[in-house]
Amino acid sequence: PNPRLIVPGVSFEQKLAAGANAGQFTVDVTLSDNCPLGWFPLFVETDQGVSNPLTIAIDTLPQLPSNSTTPEKPATLPAAFSGILAGSNAVKIFVRAQAGERLAAEVEAQRLGAATDPVVEIKTERGTPLQIAWGKTALRGDARAEVQLPADGLYVVELHDLEYKAPGQNRFRLKVGDFRSVDQWFPIAAQPGEEV
């Protein structure tokens with residue numbers, strides 16, 4: 001009864017969509033203009049209590065379903081593609097790019113609570129791998145592939161489980177485009193009031 005979303009530290013408007021029942025509901029959310037970016041715990045609160053958290057990512061990339069691209073309709077980048085990875089399924093995002101362009105693809109899966117061991121591949125249209133990336137400690141088990149493209153043409157960013165046996169239904173976000181990320185910093189700690 002009376003479900004409400006709670007995301008600590010994030011202000012937003014929410015409206016329960018029609019068709020809610022005891023097993024499922026949909027909420028339309030409008031984030032504030034000054035909303036912080038990052039990963040946040042999302043809770044559902046009802047008159048009977050509060051749920052366990054799920055992790056939600058908030059950023060400025062256009063959000064698209066993972067099945068929204070085809071070879072005939074490649075993606076406009078940068079963008080984030082969301083979906084479910086299960087079993088031996090592989091997700092393919094098609095992009096058209098120019099020679100010399102930098103293409104990066106980073107999956108958020110384990111950081112969002114997924115049990116899959118993700119692998120990201122960047123391939124040519126014919127399927128030749130240009131870059132393959134496995135889970136990295138700096139990404140808390142997720143993967144990022146980056147490549148300088150050799151020629152004009154169609155490319156494929158593929159996401160799959162390492163053993164093609166993703167257990168259960170694994171939520172993911174696959175960010176694709178020319179973006180930069182911080183992997184490490186030094187020193188790893190600082191004291192208050194100290195210049196580092």
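Five strands line up as an open sheet in the order β7-β8-β15-β10-β13, with mixed pairing. Because β7 (63–65) and β13 (144–148) stand at the edges with a single partner strand each, one side of each has no neighbour in the sheet. From one strand to the next, the twist averages 25 degrees. Here strands are DSSP runs of E, at least two residues, numbered from the N terminus, and two of them pair if DSSP finds at least two bridges between them. For the twist, axes are lines fitted to C-alpha atoms, and angles run from 0 to 180 degrees between N-to-C directions.

This is a predicted model, where local features need pLDDT of at least 70, side-chain atom pairs count only at pLDDT 80 or more, and totals for chains, interfaces and linings use all residues. Residues are numbered from 1 along each chain as its sequence is written, and side-chain values use heavy atoms, without hydrogens and water.

Let's look at one edge: β7 and β8 (residues 79–87) pair in the parallel sense over three bridges, and Gln-63 stands opposite Ala-80 in β8.

Now for a loop. Is Arg-111, with a relative accessible area of 9%, buried or exposed? Arg-111 is buried (under 20% relative accessible area; exposed is over 50% and partly exposed lies in between, with a 1.4 Å probe and protein chains only). Arg-111 is found between β10 (102–108) and β11 (118–124). The side chains of Arg-111 and Asp-142 share a polar contact of 2.7 Å.

Two charged ends sit over rings (NZ of Lys or CZ of Arg within 6 Å of the ring centre and within 35 degrees of the ring normal):

| Charged residue | Ring | Distance to ring centre |
|---|---|---|
| Arg-140 | Trp-39 | 5.7 Å |
| Lys-175 | Phe-179 | 5.7 Å |

A polar contact, as used above, is a pair of N or O atoms within 3.5 Å; within protein, one must be able to donate a hydrogen and the other to accept it, and residues adjacent in sequence count only if both atoms are side-chain atoms.

Methods:
Helices (H or I, at least four residues) and strands (E, at least two) are DSSP runs, numbered from the N terminus.
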